[in-house]
Amino acid sequence: MAQATRKKPFVTEADTAVEARTIAQSHFRTLRLGTPFQPRIDALGLKQDWYNWAGYRAPHSLWDEELEYFAIRSQAALFDISPMTKYRIEGPDAEAYLDRITLRDVTRLEPGRVHYTAWCDDEGFVLDDGTLFRLSPTRFRLCSQERHLPWLLDSGIGYEVSVEEETEAVAGLALQGPTSFAVLRDAGFAGVERLKVFDLAEFAHDDATVTISRTGFTGDLGYELFVPADKALSLWDRLMAAGELRGIRAIGYTALNRARLEAGLIIANADFATAEHAIRTDRLRMPDEIGLGFMVDPQKGHFNGRRAILEARAKKKLRHVLVGLEIEGNIPAEHAIVYYRRSQEVGLVSAAMWSPMAKRNIAIASLQRPYGDTIVDDFWVEIYAMRELQYQKLMKRAKVVQRPFIKLDRRTANPPADF
Amino acid sequence: MTSSETNWDAIVIGGGHNGLVAAATLAKSGRKVLLLEAGSDVGGAARTEEFAPGFRVSAVAHLLNRLHPDVLKTLELGRHGLNVERSDFVPSVALSKGGPLVLHGAYGEVLTGASPSEQSAWKALRAQLLRYAAVLKPFLSRRPPELAGLSLAEMTGLGQTALALKRLGKEDMRDFLRVLLMNVNDLLDEQLSDDRLKGLLAFDATLGSHLGPRSPTSLLGLYYRLAGEIGGLAGAQIQPKGGMGAVIAAIRAAAEKAGVSIRPATPVAKVIIEKGRAVGVVTQGGETMRARTVVSAINPATTILDLVGPREVDTGFVRKVKNIRMKGDAAKLHLALDRPPQFTGVDAAGHKGRLVIAPSPDHVERAFNPSKYGEFSREPVMEITLPSLVDPALAPAGACVLSAVVQYAPYALREGWTAGKPQFLEAILAQLETYAPGIGATVRHAELLTPIDIEARYRMPGGHWHHGELQADQMLISRPVSGWSGYDTPLEGLFLAGAGSHPGGGISGAPGLNAARRIIAMRG
């Protein structure tokens, strides 16, 4: 907060000018921006446990990590996704433009649908992953972890398309959990039951429009809502009121991070280094090296990185692979080194937890091929368990398993169940 | 849309001299080659053209000083009418109000008009410049080294360069590395004292680039010039009889002998890309032609952004291509004169040579300064030739042709060239009048080609004859863009073969030859 630190006996014109300049330059006093939901979140943030999400003040946890996690799995959890970078991409060439930037075939993404995709640089290294919302035949919203405006603008050379960042203008909420559908219905969003997984539709809210999609980052039944920033608080209140008897709770990132790991989903700059952030050349990753190879569509038109990706495949130049691991015991193997035959270092765990849903000790790890690719046995992880100021070194057997680690029928059930 | 039945091994886009060299070399390897030229005749900026009734002149390039010996040999240009004798060499004359100074033979084997101490200083400097240029020379006829995955041949090539460096000896090698990226002005100040000589060298180092003599790295331009040779001698220059068009005629004859089909007046609209591979072209007339290999000997940016289109390549590559600096800074002047001019103090042999108005490095620097701010030089520097003195057939009897490359004429002139051109012409003629009194009264017709005109007439974006500034950051492994300097492109089957590729512009044929060699090596 800005505070006056000196007394001013009288005001001169020069002082006024200095004052005006000080105010104009006082942006740095706000260490982290607030999102449009900040008044509500601040009121609930009993733990004052904040982190920096793309420059915004976002909660790790609001009141209790465990209970917040179980709100996702047993009730309805409300998570503020406003800091997520959002681009509005519009124009007659928007489809062709996005088809050239991203890996998946955008011509097959129908209006009213969403898909998870990723995009690469010329060398085929992943710049980011994100979700692409097709709002109309010629209008899209691209959501991502990192900022990409210069890249997106330069990619527009030769296309009739406009690209605009709308991160600040559009507020976002994720409403996830078994009762999320019932909350929306009770909040009066008539027709929301018709949304299948990856569908989106527009609904009226407070003289404006809210875009609701049946998407999420939890592997559970859930929705994401996008609304103009000035309607954010009324949307929050509407959901909270409707969800009171359905156990709706605001949650922080720690809980969400657990849910996403159970769902086997990866996070840029946590499970892999994005191409523009990686400093060391061996940290760069191609889609095939982080489990996103399925997105690559060699049959569609040209897309960024195509040549490099296909060449790496043909010449067997892929060096890493991302795998799901199931580890014996119940101690999370967070950032543990993975060994082959207990001695040879072959990779690193990027995320790990004891999964209450799967009742298994799970992890996502990045391994050096051929380990995890053709050699999939005899892996071990080295866990340092801190026991009263002493590390106990555990060598635990790890098994490569399929992701997701949990599969919930309610996520895809149609119509969505009324819990 | 019609489709021609024939399928070609290679289609070469652009019949400039590099396109012709590439086509001829590919045809000699047994390939069926089609060359498509947009203009009514091949030759590009090396044509000989009539600019006034009875007056003909070399279009842009008017001196032959770097046609690569490998091109001469590979295409047997001697058998097609191109022979260079030592007696064809013409001198360089540094014009000055205090009397001229002349570099005879191959870039001043003998210097006249200077003091004895300056002559011996020049002898030492010349030897040093040629020694250092010789280290760089082998790069001209090779692909730039590929940083990732050096082949054995490339490794050997680099090894030879290392050896050449070592052969210089320790002191010389150190000095080579010290001066490599220096500005030409500082080097000249170290070793010479005659402003006329320094002015000439400063002009030569910066000719055709957006640099002044005090701009860092400007010495490289001089090395580039001296790495070239003609008649077996580095730095030599000739005025070809019949103008530069005669050189084109010889290369064209070699191409046709090798079986190249040449189609003029056939501008290409599009390179056809299928699954990341170039498979042919569509002409502006709507005709489709298919080939195993497409070779573009036109501007690299035009090739990628217009013919291929940004949609077929990656964003990063488009960025790089768009960032190639290629705004020309030189104009070309053609004068039809009633009679040969008389440059003060210059003898008959000098008039047949290259006459340079660049009386001091300061003068060149001051001429350069305005161009940084979008203005032309009020006192321009220039190199002048009188081609009809060497080949009287280029002008009506008794009359004379004057051809001059004039700097600095920024492509993006702030006031616009429509308004600026008459003023610039006036400034040039005033300069000429100073050195050749009375010349203004004999001008029957004047044609001034600004970079805008050169761009439109010769399809050179920016009006830049190197098709991309020839500076350290756009040379060798960074030409035309980093990562793609070896004539191939991200599109399989599409190659670049023009001056925009390594080593650069000038009538050398080296990019065309190197590209063809690359294609042959790749079995493309």
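**Chain architecture, interfaces and local backbone geometry of the two-chain model**

Of the 419 residues that make up chain A, 46% count as buried. The structure described here is a predicted model, and the predictor assigns the complex an ipTM of 0.90 together with a pTM of 0.93. Chain A contains 10 helices and 19 strands. Its C-alpha trace spans about 75 × 60 × 55 Å along the principal axes. The radius of gyration of chain A is 23 Å, which agrees with the value near 22 Å expected of a compact globule with 419 residues. Among the contacts in chain A that link residues at least 6 apart in sequence, 68% are formed by residues at least 24 apart.

Chain B has 17 helices and 19 strands. Here 57% of the 524 residues count as buried, and the C-alpha trace extends over about 65 × 60 × 45 Å along its principal axes. For a compact globule with 524 residues the radius of gyration would be near 24 Å, and the 22 Å found for chain B agrees with this. Residues 24 or more positions apart contribute 73% of the contacts in chain B that have a separation of 6 or more. The mean pLDDT of chain B is 95, with 99% of its residues at 70 or more.

The two chains meet in an interface where 13 residues of chain B are in contact with 14 residues of chain A. On the side of chain B that touches chain A, the residues comprise 5 charged, 4 polar and 4 nonpolar.

Within chain A, the domain assignment distinguishes domain 1 (38–83 + 169–262), domain 2 (85–165) and domain 3 (281–401). Domain 1 of chain A is thus assigned as two segments, 38–83 and 169–262. The C-alpha centres of domain 1 and domain 3 of chain A are 30 Å apart. Contact between these domains of chain A involves 4 residues of domain 1 and 7 residues of domain 3. On the domain 1 side of this contact in chain A, helix α8 (residues 253–262) gives the most, with 3 residues. By class, that side of domain 1 of chain A has 3 charged residues and 1 nonpolar residue, but no polar ones.

Strand β14 of chain A, residues 320–327, has 6 of its 8 residues buried and is therefore largely enclosed by the rest of the structure. β14(A) pairs with two strands of chain A, β17 and β19. The pairing with β17 (residues 360–368) of chain A is antiparallel and extends over 8 bridges; in this pairing, A:H320 stands opposite A:Q368 in β17(A). The pairing of β14(A) with β19 (residues 391–401) of chain A is likewise antiparallel and is made by 4 bridges. In that second pairing, A:L325 stands opposite A:V400 in β19(A). In a regular strand, side chains alternate between the two faces of the sheet.

Two residues of chain A other than glycine adopt a positive phi, namely A:A54 and A:D207. A:A54 has phi near 50 degrees and lies in the loop between β1 (49–53) and β2 (56–61) of chain A. With 16 C-beta neighbours inside 10 Å, A:A54 counts as partly exposed. For A:D207, phi is about 60 degrees, and the residue is located in the loop between β10 (200–205) and β11 (208–213) of chain A. A:D207 has 7 other C-beta atoms within 10 Å and is therefore exposed.

In chain B, cis peptide bonds occur before B:P480 and before B:P503. The bond from B:R479 to B:P480 has an omega near -5 degrees, and B:P480 is placed in the loop between α16 (451–458) and β19 (494–496) of chain B. The bond that joins B:H502 and B:P503 has an omega of about 0 degrees. B:P503 is found in the loop that runs between β19 and α17 (510–521) of chain B.

Methods
Residues are numbered from 1 along each chain as its sequence is written. Chains are lettered from A and ligands numbered from 1 in the order in which they are written. This is a predicted model: local features need pLDDT of at least 70, side-chain atom pairs count only at pLDDT 80 or more; totals for chains, interfaces and linings use all residues. Ala, Val, Leu, Ile, Met, Phe, Trp, Tyr, Cys and Pro count as nonpolar, Asp, Glu, Lys and Arg as charged, and the others, Gly among them, as polar. Domain bounds come from an automatic or database domain assignment. The radius of gyration is taken over C-alpha atoms; the globule rule is 2.2 Å times the number of residues to the power 0.38. A residue is buried if 20 or more other C-beta atoms lie within 10 Å of its own, exposed if 12 or fewer, and partly exposed in between; C-beta atoms are placed from the backbone. Two strands pair if DSSP finds at least two bridges between them. pLDDT is the predictor's confidence in each residue, from 0 to 100.
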